[in-house]
There are 2 protein chains.
Amino acid sequence: MIRTILLTGSAMLGIALALPSVATERQRAWTLDDQLTVPEIRTLAIAADGKGAAYVVRIADRTSDKTVAVLRHVDLASGKTREWLRAAWIEDLRRIPGTADWSARIDKGEGVQLYRIAANGAVTPIVVHPETAIYGDSEGATYLAYGHAPLPTGVRSYSWSPDGQWLWYVVLDAEPYDRRMRYDADVASERAQRRSPGRATASIFLRGPNGKDRLLSTRPHGDISTFFDRSFVSWRNGEVNYDVMEVDADGRQQTMTMAVPLATGVPRVADDKATRGYWRLAGPRGGRLTSEGIGSMRDLVETLPDGSKQHYGRFPFAVGDGRASGGFVSADGKRAIAGFRTIENPRFGLVVIEKAKPRVIGGASSLNHCDFTAALDRGICIAQSQTMAPAVVSIDVASGTMRRIASVAPAHDGIAPLRTEPRTWVNRNDSKATGYIVWPRGYTKGKRYPAIVITHGTDADERFANQENQWEYPAQLLAERGYVVLLINVPASTQNADLKAIYDTWVNETKDRPPREVQDRIWLNDTASFEDAVSELIDAGVVDPMRVGIAGFSRGSQSVNVAMTQSQMFGAASSGDGGYLEPAFYPSLTGSYDTVYGGPPTDPAALPNYLRMAPSLRGKEACGAMLLQMANPYPASVDLYAALRAAKVAAQISLYPGEDMASDETHIFHIPSNRLKAMQENIAWFDYWLLGKRDSDSPFADRYAEWDKMRGAAPRRCDGSKSVVPD
Amino acid sequence: MIRTILLTGSAMLGIALALPSVATERQRAWTLDDQLTVPEIRTLAIAADGKGAAYVVRIADRTSDKTVAVLRHVDLASGKTREWLRAAWIEDLRRIPGTADWSARIDKGEGVQLYRIAANGAVTPIVVHPETAIYGDSEGATYLAYGHAPLPTGVRSYSWSPDGQWLWYVVLDAEPYDRRMRYDADVASERAQRRSPGRATASIFLRGPNGKDRLLSTRPHGDISTFFDRSFVSWRNGEVNYDVMEVDADGRQQTMTMAVPLATGVPRVADDKATRGYWRLAGPRGGRLTSEGIGSMRDLVETLPDGSKQHYGRFPFAVGDGRASGGFVSADGKRAIAGFRTIENPRFGLVVIEKAKPRVIGGASSLNHCDFTAALDRGICIAQSQTMAPAVVSIDVASGTMRRIASVAPAHDGIAPLRTEPRTWVNRNDSKATGYIVWPRGYTKGKRYPAIVITHGTDADERFANQENQWEYPAQLLAERGYVVLLINVPASTQNADLKAIYDTWVNETKDRPPREVQDRIWLNDTASFEDAVSELIDAGVVDPMRVGIAGFSRGSQSVNVAMTQSQMFGAASSGDGGYLEPAFYPSLTGSYDTVYGGPPTDPAALPNYLRMAPSLRGKEACGAMLLQMANPYPASVDLYAALRAAKVAAQISLYPGEDMASDETHIFHIPSNRLKAMQENIAWFDYWLLGKRDSDSPFADRYAEWDKMRGAAPRRCDGSKSVVPD
């Protein structure tokens, strides 16, 4: 049954994209439900004739308490949007070449399988492989999940030949549990493992024009190229190429490119040492596009197959960012389009590269997800910004013009935008950090406001209430409630050669820079950025220095945990599902910790390096109340909680449960009731600790008594002073 | 279907108990199968008329790969033994007062329930409660198991009134999974948890003479008195008394005794601060029997309800050891019998206490499990020794005489005993350690033999190939293969006041003695005992100093891991399922580690204490090859493995799997195929590293290549020198 809904009316057409949505008399404030139901765009595809497009969003559904995938079709002329399908999962939506149809991997209840989506929305199976394997945070899962429920997966990846006659695809088979003994590395890998791992094999098939399947290869569980990287499939010269990963007896991984002539169907090794970048962007000269250099301008370069480089000029953006749109090359190979992210006030756009000087498409808003017709003459993108809810826009490549077609989030269009000001802060160490101030609605100059810093690495950019940045910290609702919200990125590693070298030392786990310098220039410098950004607003009379909080998950939790055990500025914090930097993770992250700390915590020479920055060893230095929201009971986070409580510092660790006893919530929360509660817990926590407010209707009202006890027993209050780099 | 088997013939009757089994021309050497199938005695009960007895053993069954429980009946006149029932579990076998029948908790496939066993062996239900809860090392288990497969349990405990008219019993109900958030201590408890815990409630019922059940109380999951301690049920003055444990809001536990008048069935608190010893032995004056004092003789004391003490004299044994038989009081209250364990050459016997001077029953062999008629005039015991397989013996209490009735392990009676010599060693620190030398069969004086020390706390005593002591180190088979095997207890804590004070400091987690003294006097002193015991045999020309190994599980793994990182005497080791003393367990064992090390490993003042004894911090000090056999991938053991390998010391960690993906092998292995393999792995390991022998038929032959590599890369060989207490 296909439900038809009108998601947007003609009134919405033609709104200038550079502007936030126009306020109308019907506009309203943010609600908790708005925060929960911001759609996550997953995949989209324009029709071959360019007249329509299909796209998929994931949206929290409160009734089923599941995050559901919704397939919609939009008519690009009228903007009329229909909902075609709701399912547990929809991904990898693509045109089927030579037809007016699409294909996608869909879980309609039989696991993730490959389906055809006709131009009228009818969904029929292409490959259904009932012997699935699970991706998820659950007992027996083959591989972990990042932000979805345990997902039984039959078809893992697929690719159509350019003429649509051939189909390359991978199906998974969970291996039955093998009650074998395990030795050495196989045991060590379970050291910190919460759920029993499952295993699977992947079988790679080629389906020909006659509909017959040929098994090309069955790949082992350790082939992460096949299980994760989708194998980089390409079609050329009557062959299909794809990558597999071999692991030798000593555990060394090697990616190989296989080639299969369509005529024979017999695979051979085409390249036994394939090197792959994180993202492959094809250029118009058969090479690979990258942005090179540091600072605020980057060279756009195409590295040709012979190793020579074609320079396209210097631009204030970088291609190759995983959050930007991918790359496209026209059927004739002469036009390439690549997604970029700007360096300052980060937003996303497109660069068109032909013979002539590259041209940019995009403006003040971001173009994140895009697709184009085969000739790359027409396309669609999702446009959004901090204040503009996502919308489908059409792109005319030749003219570089865009046209708003339809809303992706009609309910959110009705929200009156909050004043959201992009900022670049320069801290005491001359480090630049980008981000936003989200001003409280009805901000009154001269009055001092409470403030909350929200941080997650570099994800504060022109996207709409993005979960990767805000997690379950409801930034907009906090602003509605009277907080000045600062979305602050950590200082970008590429801003100068020196910081780049520090980050390279960390990421590549070298000893190029000494541990203390790595600490000082990354996490302790993060703290300086947050403090100095807040100080600016304190000095300007905007923020009340005694009512400042901080929140961050994952990479952000590192920043928060360090800030809270170094600084006296933050009276309350919420730290989400992270524990990196704590001694407990040393055995799992030896190389990384050796870079950051110079050795294990039990090495007398390294221990002082831990004592100066590992949060759980600095419980006595903390003054603010810390909430640790967890998807998993990480030992490292439990240690931080225990250290804070041992020092009588107010702290709570809250574990959000999975679907059932045998599964966990994921790092990016996917269970709507958990998301709601986590947001409510954050509101209750900051309101209580920063404002002294209680809400008897909060689902966390029964925690106040515990918090009262902790408040009474706390050894000190934060005095607002800034951190001093420790000896 | 009840199979009848003749387990022993009349030829076995009347063999003197003080002697090992007589060697006959049909006797043979130990086999691997013998090691596997030594029966474990669980429970036994004499019939009311004293003419027969029933008992239960657990035996590894290779066909089903399960350890099965076998209920046997033995006619005390003829010794004729019949097998009445095989089941997954049989425990708590007791007479039903006033009848000729028994009752027992049995898992016949519907979980553990309460059954009646008629005098003819017919088994019929008494209480069947289908809503079970699981005890086991498995996902969702309510409580952990020690040595059995995940066991769904309907009836947890029961007690008959002395007249058999009333039945008190506890049934369990697993709680459905509650997808609730968890906070603070509930999260911290999952820090190191491998399997998702389940929860259950316990309901306590009283069944009256009319067959009607009355619910006395439903107890929460945290009431470990009800879930574990079996509630110490007693019947007196028309009331039934039982213990429950209350846990207050701050986590403090308090045991309370409840009393229920049979007439009303209404519970009341009889004692809100019940204090319980580890084992309650009733005396003939209504008090509690204990052994007091230190050294080689102990005072046998009855502490009366008014607090006064009745002294029965000094004896070379102690009552109250958990491994000895429990206590019995005659129906008239005038005679008490308590099990004891001797101080020197530890073995088990009985002491009969009446008005007159206590009398001892028992000789050179051990009487471990006993039961008596209500008048305590006749009884049965299981008798065994290091060289005598267990047998049922009858006891005439008045005369103190014993008579061998039937074998419990007929197959093992056919083994020609190995020469097994009890020894007491005094080490360089004047500490006494008891134990045994098991001599190789056909030992030739003047020839030097390889040797293996096997240690597990204080479990080397007069029991037959006891799994608690030997675990999966096949001591007897190793002796058959030409090793001198030393079963060595750690020095007994009660040998003098000073050592007692050290052990009290450790066990009670006080700071009465400084950490270094605790280390020196416990684990480093263990090492001295092992070294000095071996040295004696080296000096006597018996043992080859270059071919000495050591093995121990659990408490023994502590001794082994310390010995291997302090001493240069042991060329190979097998350490089983332990990791105590490693830094990784600090957060789970804070109080204990604070006593042993003086603080966490990240405390600069405590770190030197870790560096001097934590095995994983002394990988570079190790010279011998270490095998770590695990039922669980303990982080602590993985760390030791990693530290050894990082120092290029030969090491292997082997994880023995559970029944399925969602369960683990238990600390005491219960899966026969794992037990066999673990023994074979130990044989292969010691043969390879100590003797340089390979066996291409070993199931571990495929590991030799790996071991060859490690041997080639090892930085040093053990030079046979003794440990020096570190600075």
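In this predicted model, salt bridges number 112 over all chains. One of them lies within chain A, where A:Arg42 pairs with A:Glu91 and the closest N and O atoms are 2.3 Å apart. This pair links distant parts of the chain, since A:Arg42 belongs to strand β1 (residues 40–46) of chain A and A:Glu91 to strand β5 (residues 89–95) of chain A, with their positions 49 residues apart in the numbering.

Salt bridges also occur between the chains. Nine were found across the interface of chain A and chain B. In one case A:Asp65 is joined to B:Arg179, with a separation of 3.6 Å between the closest N and O atoms.

The size of an interface is often given as the accessible area lost when the parts come together. For chain A and chain B, the buried area is about 4500 Å², and carbon and sulfur atoms account for 59% of it. On the chain A side, A:Arg179, A:Met181 and A:Met661 together supply 16% of the area buried against chain B, more than any other three residues. In terms of residues, the contact draws 56 from chain A and 56 from chain B.

One annotated region of chain A was also examined. An unreviewed UniProt entry places the annotation "domain: Peptidase S9 prolyl oligopeptidase catalytic" on residues 475–690 of chain A. Over residues 475–690 of chain A, helix makes up 45% and strand 15%, and the C-alpha atoms at the two ends are 16 Å apart.

A search of the whole structure for enclosed space returned four cavities of 30 Å³ or more. The largest cavity has a volume of about 100 Å³. Its lining comprises 16 residues, of which B:Trp30, B:Gln386, B:Thr387, B:Pro417 and B:Phe464 are the closest to the centre. By class, the lining of the largest cavity consists of nine nonpolar residues, six polar residues and one charged residue.

The second largest cavity has a volume of about 80 Å³. Residues of chain A line this cavity, among them A:Trp30, A:Gln386, A:Thr387, A:Pro417 and A:Phe464. The lining of the second largest cavity also includes A:Ile415, A:Ala416, A:Leu418, A:Thr420, A:Val438 and A:Gln476. Seven residues of this lining are nonpolar and four are polar, while no charged residues are present.

Note on methods:
Residues numbered from 1 in each chain as written. Chains lettered and ligands numbered in written order. Predicted model: local features only at pLDDT ≥ 70, side-chain atom pairs only at ≥ 80, totals over all residues. Heavy atoms only, no water. 1 Å grid on protein atoms, 1.4 Å probe; cavity = no way out; pocket = protein on both sides within 12 Å on 5 of 7 lines; lining within 4 Å. Points joined across faces, edges and corners; volume = space filled by probe spheres on them. Nonpolar A, V, L, I, M, F, W, Y, C, P; charged D, E, K, R; others polar. UniProt positions renumbered as here; feature names shortened; annotations may be inferred. Helix = DSSP H or I, 4+ residues; strand = E, 2+ residues; numbered from the N terminus. Contact = heavy atoms within 4.5 Å. Buried area = accessible area lost by both parts, 1.4 Å probe. Salt bridge = Lys/Arg side-chain N within 4 Å of Asp/Glu carboxyl O.
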